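Please look over the structure shown below together with its sequence. The briefing then takes up a few of its features by topic.

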Amino acid sequence: MLHDIFQRLYYIPIILAAYWFGFRGGIGCAILVTVAYAPHILFQWGGHISMEMEKYLEVILYNVVGGITGLLSQQERCRREELEQTAQGLEDSYRQLKTQSELIIRIEEQLRRAERLSALGELSAILAHEIRNPLASIRGTAEILMEQGVPAERRGEFLEILVKESDRLNRVVEDFLRMARPEPADKRECDINEELANMVTLLSAQARGCSVHLEFSRGTVPRLVADPEKLRQAFLNLMLNAIQASPEGGTVQVATSYNRESGLVEIRIADQGGGIAADAISQIFEPFFTTKGSGTGLGLSITKKIVEGHGGSVEVASEPGRGATFTVLLPAAE
């Protein structure tokens, strides 16, 4: 009984050697156990063939266990080394990506700063140009008035030029400040149909003076959460542009509708004018860009800024000779 217990204890060093040193360790330890166990088989059980055969099979099992355990341990060790190398590679890649991302963030910040400075420089140059023209007219008119011998009837004409150029200069500065002014945070529910109807009534006289018919098609739309004064300013710019672009006898159509799928209120302002050239559509919302000789080019920029400040957008569709349609999309009140 003790012999059966002792011969099983040989598996402990074989398994440990295979686990620690792999295939060679397992086989080497199994061979050492075989050498240590062989005299016991030959001298103690030599006369009993059946028992001797059992001991030989036990020796073979020692070597099989040592080889298999060592092979599995060696494979597991190789696999662990591969995983460690992979983890190290991933860690190195992560550090490189982190460094590159920080570099990209710094470069993007520099680009944004350069873009802001470039835009500021461009706006400043355009604003200086817009201001220089009326200042030159004012200076020239003042110099003429300072000269001796200017007839009294001509003085009224020159003074009228001074007033017009001063108004134009003031309009440029006010529009520029209006565009740069931040949007107010206090908004309330308002009826966009009611606001548009009031504006159509106010602009009807001006439209009749231009021989233009102003129509309003009231749709069923929900209320908006907005600043009514700001929206009136935005739609005033669009309606005035439509009236000025329409020919005599033309019609400016103002219509509202509601898209339930998107949850947006649509306000369309369409004219029957000459339309907008394809290369100009992408620039009409840029500050100081205008196709009118007397315009400042800030009306549509202000309109877009107001609409985007209310979470909406402005779309334009136009074909030369077929007029233009401006569509304002605003989110309905929840």
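The notes that follow cover an annotated segment, a surface patch, a helix and a strand pair.

This is a predicted model, and every value given for it here is computed from that model. A record in UniProt, an unreviewed entry, places a transmembrane region at residues 12-36, and in the model that span is 100% helix and 0% strand.

**Annotated segment**
- The end C-alpha atoms of residues 12-36, the span that UniProt gives as a transmembrane region, lie 15 Å apart in the model.

**Nonpolar surface patch**
- A nonpolar patch of about 1,000 Å² on the surface is made by Leu2, Ile5, Phe6, Leu9, Ile12, Leu16, Tyr19, Trp20 and Phe21.
- Helices α1 (2-9) and α2 (11-44) each contribute at least two residues to this patch, and the largest share, five residues, comes from α2.
- Leu16, which is found in helix α2, has a relative accessible area of 37% and is therefore classed as partly exposed.

**Helix α8**
- Within helix α8 (residues 299-309), the buried residues are Leu300, Ser301, Ile302, Thr303, Ile306 and Val307.
- Gly311 follows α8 and has a positive phi, near 80°.

**Strands β6 and β7**
- Strand β6 (residues 313-318) runs antiparallel to strand β7 (residues 324-331), and six bridges join the two.
- Ser313 has Leu329 in β7 as its bridge partner.
- Five residues separate β6 from β7 in a hairpin, and Gly321 in the turn has a positive phi of about 90°.

Conventions. Residues numbered from 1 in each chain as written. Predicted model: local features only at pLDDT ≥ 70, side-chain atom pairs only at ≥ 80, totals over all residues. Heavy atoms only, no water. UniProt positions renumbered as here; feature names shortened; annotations may be inferred. Helix = DSSP H or I, 4+ residues; strand = E, 2+ residues; numbered from the N terminus. Pairing = 2+ DSSP bridges. Buried < 20%, exposed > 50% of the residue type's maximum accessible area, 1.4 Å probe, protein only. Patch = residues over 30% accessible without salt bridge, like charges linked within 9 Å, V, L, I, M, F, W, Y side chains within 5 Å. Areas by Shrake-Rupley, 256 points an atom, 1.4 Å probe, with all protein chains shown as cover. Salt bridge = Lys/Arg side-chain N within 4 Å of Asp/Glu carboxyl O.
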